[in-house]
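Trainee: Could you take me through one part of this model in some detail? I'd like to follow a single helix and whatever sits around it.

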Amino acid sequence: MSVTIKDVARAAQVSVATVSRTLNGHGNVAEDVRRRVLAVANDLRYTPHAAARSLSSRRTQTLGVVLPDLHGEFFSELVRGVDQVAREHRLHLLVSSYHGQPEEQISALRAMRGRVDGLLVMSPYAAAQVSIAEELAATLPTVLINAQDAGADTPSLNVDNYGGAQAMVEHLVAAGHRRIAFIAGPEDNFDANERLRGYREALARLLPDAREWVLPGRFDEASGHAAGAALLAAQERPDAVFAANDMMALGCLFGLVQGGLRVPDDIAVTGFDDIPLARYVHPALTTMRVNIAELGARAARMLLARLNPEPAAESAPASGEHHEQQEKPRQSEPLRPELIVRESGLRRGGGA
């Protein structure tokens, strides 16, 4: 005999409505009630009938995630953070990529229609912003991540790329470096442009007589390695290299070491993001830490707040309970990166 939602409600000593709200990921259930209901459902091996639930609630119990790419540790960490929040609310993910091609983004978005209840879209490409606004208007609850211009009606969550880049240049100047090269990201990428802007303005402010030294990059290891080769072949080399992301920094680091340079004794190398691999290379990479998994988790909570806007939490039977508050659907404060100093970016002579 199959277990029903009434069986779960009876065993958990709550109403059927409370079980339904819990299993559907609504936020107006107290945390200890939610945990008790989920534990009972698990013990009884209760499985909601997906088709019937979709018909009655018009929900797919699925969140859509559309990313520029799926390659690399940044995107895997981002999806991990989204998935952690989705699992807490018994939701699934449908993940797609537009492979760094903004013109393919609309196809990825259209493929999500009818399959998901809401969308998380990372859209750092300037050319894609108008298309997103037109495509998603009044169709699906959406939260944008690292978008250049989300508009007033679409919640967004961004990283303070500009401030993070300034902080890294300030660190390198304080460490005694005066010739600081920068490996840029794609020209039409919002994150890359903000990091380049931060580098340029910090350099002009702190070292007004220094010249900019910008090398092209594509946010991948190969372009970082190519930048390292270009620096090895140059008549004059910089004191330090600041790459706009860790993947390029690691490629550059490998190329410089291949060429016989000692990092950081001959040249310092730094990055941005703090992907998991950054701490395990030799020398370990100095970088600006973006809590990538938390970025994904915060964006997912913002989306859930749009899907389930109930303001009040249901009271638990016991007194003194803690109510979990959903993050409100609004323009969120930027996620501020943290300077992480490791061996690759130390002061010459070994100091921090």
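Mentor: Sure, here is a walk from one helix into the core beside it, with a few stops elsewhere at the end.

Keep in mind that this is a predicted model. Let's take helix H8, which runs over residues 161–174. From first C-alpha to last, its 14 residues reach 20 Å, close to the 20 Å expected at 1.5 Å a residue. Right after the helix comes Gly176, with a positive phi near 100°.

Now look at what H8 hides. Its buried residues are Asn161, Gly164, Ala165, Gln166, Met168, Val169, His171, Leu172 and Val173. To read that list, recall that an α-helix has 3.6 residues a turn, so residues three or four places apart point the same way. Ala165, Met168, Val169 and Leu172 are among the buried ones, and those four turn up again in a moment. Packed against the buried residues of H8 you'll find helix H9 (190–206) and a set of strands: S6 (180–183), S8 (240–243), S9 (268–273), S10 (286–289) and S11 (338–340).

A good place to stand is Phe242, in strand S8. Leave out its neighbours within four places in sequence, and Phe242 is in contact with Ala165, Met168, Val169 and Leu172, as well as Ala181, Phe182, Ile183, Tyr199, Thr270, Gly271 and Phe272. Phe242 also stands out in the largest nonpolar core, which has 68 residues: along with Leu120, Ile180, Tyr199 and Leu295, Phe242 touches the most other members. The biggest giver to this core is helix H12 (residues 292–307), with nine residues. There is also a second, separate core of 14 residues, including Ala12, Leu23, Ala30 and Val33.

Back to the rings. The structure holds three aromatic pairs. Phe182 and Tyr199 have ring centres 4.8 Å apart and planes at 20°, so they count as stacked. Since Phe182 is in strand S6 and Tyr199 in helix H9, this pair ties together parts that are 17 residues apart in sequence. Both of these residues, Phe182 and Tyr199, are buried. Phe182 pairs with Phe242 too, this time edge-to-face, at 5.2 Å centre to centre and 75° between the planes. That second pair links strand S6 to strand S8, with Phe182 and Phe242 60 residues apart. Put together, ring pairs make a cluster of Phe182, Tyr199 and Phe242.

Phe272, one of the contacts of Phe242, has company of another kind: the charged end of Arg195 sits over its ring, 3.8 Å from the centre. You'll see a similar arrangement at Trp213, where the charged end of Arg211 sits over the ring, 4.4 Å from its centre.

While you're rotating the model, have a look at strand S4 (residues 142–145). Thr142 and Leu144 point one way and Val143 and Ile145 the other, yet all are buried. S4 pairs in the parallel sense with strand S3 (residues 118–122) over four bridges, where Met122 has Ile145 as its bridge partner. S4 also pairs in the parallel sense with strand S5 (residues 156–157), over two bridges, and there Leu144 stands opposite Ser156.

For another helix to set beside H8, try H3 (residues 31–43), whose end C-alpha atoms are 18 Å apart, in agreement with the span expected for 13 residues. H3 buries Glu31, Val33, Arg34, Val37, Leu38, Val40 and Ala41, and their cover includes helices H1 (5–12), H2 (16–23) and H5 (73–88). Just past H3, Arg45 takes a positive phi of about 55°.

Technical notes
Residues numbered from 1 in each chain as written. Predicted model: local features only at pLDDT ≥ 70, side-chain atom pairs only at ≥ 80, totals over all residues. Heavy atoms only, no water. Expected span 1.5 Å × (residues − 1). Buried < 20%, exposed > 50% of the residue type's maximum accessible area, 1.4 Å probe, protein only. Contact = heavy atoms within 4.5 Å. Core = buried A, V, L, I, M, F, W, Y, C linked by side-chain atoms within 4.5 Å. Phe/Tyr/Trp six-rings, centres within 6.5 Å; stacked < 30°, edge-to-face > 60°. Lys NZ or Arg CZ within 6 Å of the ring centre and 35° of its normal. Pairing = 2+ DSSP bridges.
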